[in-house]
Amino acid sequence: MGLAALPQGQPMHATAIIAAGGRGRRLGAAVPKQLLDLGGRPMLQWSVDAFLACERIGDVIVVGPPEWVDAPPPFLRRPGIRLVAGGDRRQDSVANGFDAVSGTSDIVLVHDAARPFVDADTIERAIVAAAESGAAVVAVQARDTVKWSPADGSVGEVGADAGAPRVVERTMPRESVFLAQTPQAFRRAVLAEAVALGRAGGEGTDEAALAEQAGHRVRIVPGSARNMKVTTAEDLAMAEALVHGIDRRPVGDRGPHTIRVGSGYDLHRLVDGRPLILGGVTIPFERGLAGHSDADALCHAVTDAVLGAASQGDIGQHFPDSDERWRGASSIDLLRRAAAIVAALGYRVANVDATIIAERPTLGPFRAAMASGLAAALGLAPSAVSVKAKTNEGVDAAGRGEAIAVHAVALLEQPSAGLGPRAADPQKT
Ligand code: MG
């Protein structure tokens, strides 16, 4: 209490403890919550990157599952990161992390791995506030009216069998209500007292609570709604929606979001005695397209567009007719393989648009089925694929009904530009 600010100009060394020991049971995922993919990076990596990017942070201590100490996930094998085994409760984990803080750190921050969107400004404000006041908690003022209701009765069910409803006992003045987030920042000696209190039997849902119990005044630093905590499946869906609007790369590295466009074209002759297959859909007609495999010109043009967008050559190069493996192959399957080739390079297909030029048959009734077949092969929503059909006014081979031609474009995007291929898979980063 009453701690003087550090003298002007004196460098402050700060260490961040990121609590990542939770199993995230409420999300029901097979992967621990902190490793769930968020826009191409494991959730934990977002906050690790945010702290590592801060000049004042010398050291990031990740408190995780004990098995990580000997075998950390690859994205945590980087200079500046140390791994410490967590304890039973969150406060035990933070205490373990605190034991690993270097003696030269003036300020120690505690952050929750379930808050991936912490930003550099918030971290900096928390550090300065802790340096000036001893302890600081990032928090947002309640915007909704706050109702107090004792913890009995049931919430949600309505109707005769719902049991005793939960009722409001009083309305609280929201100007006085703040919702605590992380990071929480402390002078080293203040956090040492909070940790000691916890080890002596004190309990707190956060470190600020323990510091309060130890008699320290905890200063409020404005947080933001964006610094949300990902706890439930609904939170995860909101976090995923936010990811696309947040660019966490250093300012100097921010180019345009990486997008690439590719075009594809194919033409096959119409002959007797063959089925007509377009986009994997067999279309009733007295003739079909000639060629090896199923001669699905729509799939071939889209495959070339996808490969071309990633500068990966064309369909003939990857799946040559001369190779027995591809003889008689379904073209929808080749398209699926092409999507996997570009996915391995870190791209995903954003959308596809194709135009079929055919004098006959009338393709309108099959457009939706062709689009959804292509979308399924590409792992896209049907709305991301468009298939159009036109005639060629009786002009040229397609117009005379001797052939069917297809033009296609595909757009690829690289959601984690600059992180390199396969960044989405923590085992392979
Ligand atoms: Mg072809």
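These are my notebook entries on the sheets and helices of a predicted model.

**Ground rules**

I number residues from 1 along each chain as its sequence is written, and I keep in mind that this is a predicted model, where local features need pLDDT of at least 70, side-chain atom pairs count only at pLDDT 80 or more, and totals for chains, interfaces and linings use all residues. Side-chain values use heavy atoms, with hydrogens and water left out.

**Entry 1: the whole chain**

I began with the overall tally and found 12 helices and 18 strands in the protein chain. Helices here are DSSP runs of H or I with at least four residues, strands are runs of E with at least two, and both are numbered from the N terminus. I then looked up burial: 45% of the 429 residues of the protein chain count as buried. Buried means under 20% relative accessible area, exposed means over 50%, and partly exposed lies in between, with a 1.4 Å probe and protein chains only. Next came contacts, meaning heavy atoms within 4.5 Å. Among contacts with a separation of 6 or more, 71% join residues 24 or more positions apart.

**Entry 2: the sheet of 7 strands**

I traced an open sheet of 7 strands in the order β5-β4-β1-β6-β10-β7-β11, and its pairing is mixed. Two strands pair if DSSP finds at least two bridges between them. At the edges I noted β5 (81-85) and β11, each pairing on one side only. From one strand to the next, the twist averages 30 degrees. Angles run from 0 to 180 degrees between N-to-C directions, and axes are lines fitted to C-alpha atoms, for helices over the stretch in contact.

I followed β1 (residues 14-19) to β4 (residues 57-64): they pair in the parallel sense over 6 bridges. Alanine 14 has isoleucine 57 of β4 as its bridge partner. Helix α3 (residues 90-99) packs on this sheet, where it touches β1, β4, β5, β6 (107-112) and β10, and its direction makes about 145 degrees with that of β1. Helix α4 (residues 120-133) also packs on the sheet, touching β1, β4, β6, β7, β10 and β11, with its direction at about 60 degrees to that of β10.

**Entry 3: a closer look at β7**

Is β7 mostly covered or mostly open? Strand β7 (residues 135-141) is mostly covered, with 6 of its 7 residues buried. I checked its two partners in turn. With β10 (residues 178-187), β7 runs antiparallel and shares 6 bridges; here alanine 135 is partnered by phenylalanine 186. With β11 (residues 219-222), β7 runs parallel and shares 4 bridges; alanine 136 stands opposite arginine 219 there.

**Entry 4: glutamate 55**

I stopped at glutamate 55, in the loop between α1 (43-52) and β4. Glutamate 55 counts as exposed because its relative accessibility is 85%. Its C-alpha is 9.3 Å from that of histidine 13, though 42 residues separate the two in sequence.

**Entry 5: the sheet of 5 strands**

I found another open sheet, with 5 strands in the order β15-β12-β18-β16-β17 and mixed pairing. β15 (287-289) and β17 (385-390) stand at the edges with a single partner strand each, so one side of each has no neighbour in the sheet. The twist here averages 20 degrees from one strand to the next. Inside the order, β16 (residues 348-357) and β18 (residues 403-414) pair in the antiparallel sense over 9 bridges, and alanine 354 stands opposite alanine 408 of β18.

Two helices caught my eye on these strands. α8 lies across β12 (258-272), β15, β16, β17 and β18, at about 155 degrees to β12. α11 lies across β16 and β17, at about 145 degrees to β17.

**Entry 6: α11 and its helix partners**

Which residues make the contact between α8 and α11? The axes of α8 (residues 297-309) and α11 (residues 367-378) come within 12 Å and cross at roughly 40 degrees. On the α8 side I listed Leu298, Cys299, Val302 and Val306, and on the α11 side Met370, Leu374 and Leu378. These divide into 7 nonpolar, no polar and no charged. Ala, Val, Leu, Ile, Met, Phe, Trp, Tyr, Cys and Pro count as nonpolar, Asp, Glu, Lys and Arg as charged, and the others, Gly among them, as polar.

I then turned to α10 (residues 331-343), which packs with α11 at an angle of about 40 degrees, their axes 8 Å apart. Ile332, Leu335, Arg336 and Ala339 of α10 meet Gly373, Leu374, Ala377 and Leu378 of α11. By class, this contact has 6 nonpolar, 1 polar and 1 charged residues.
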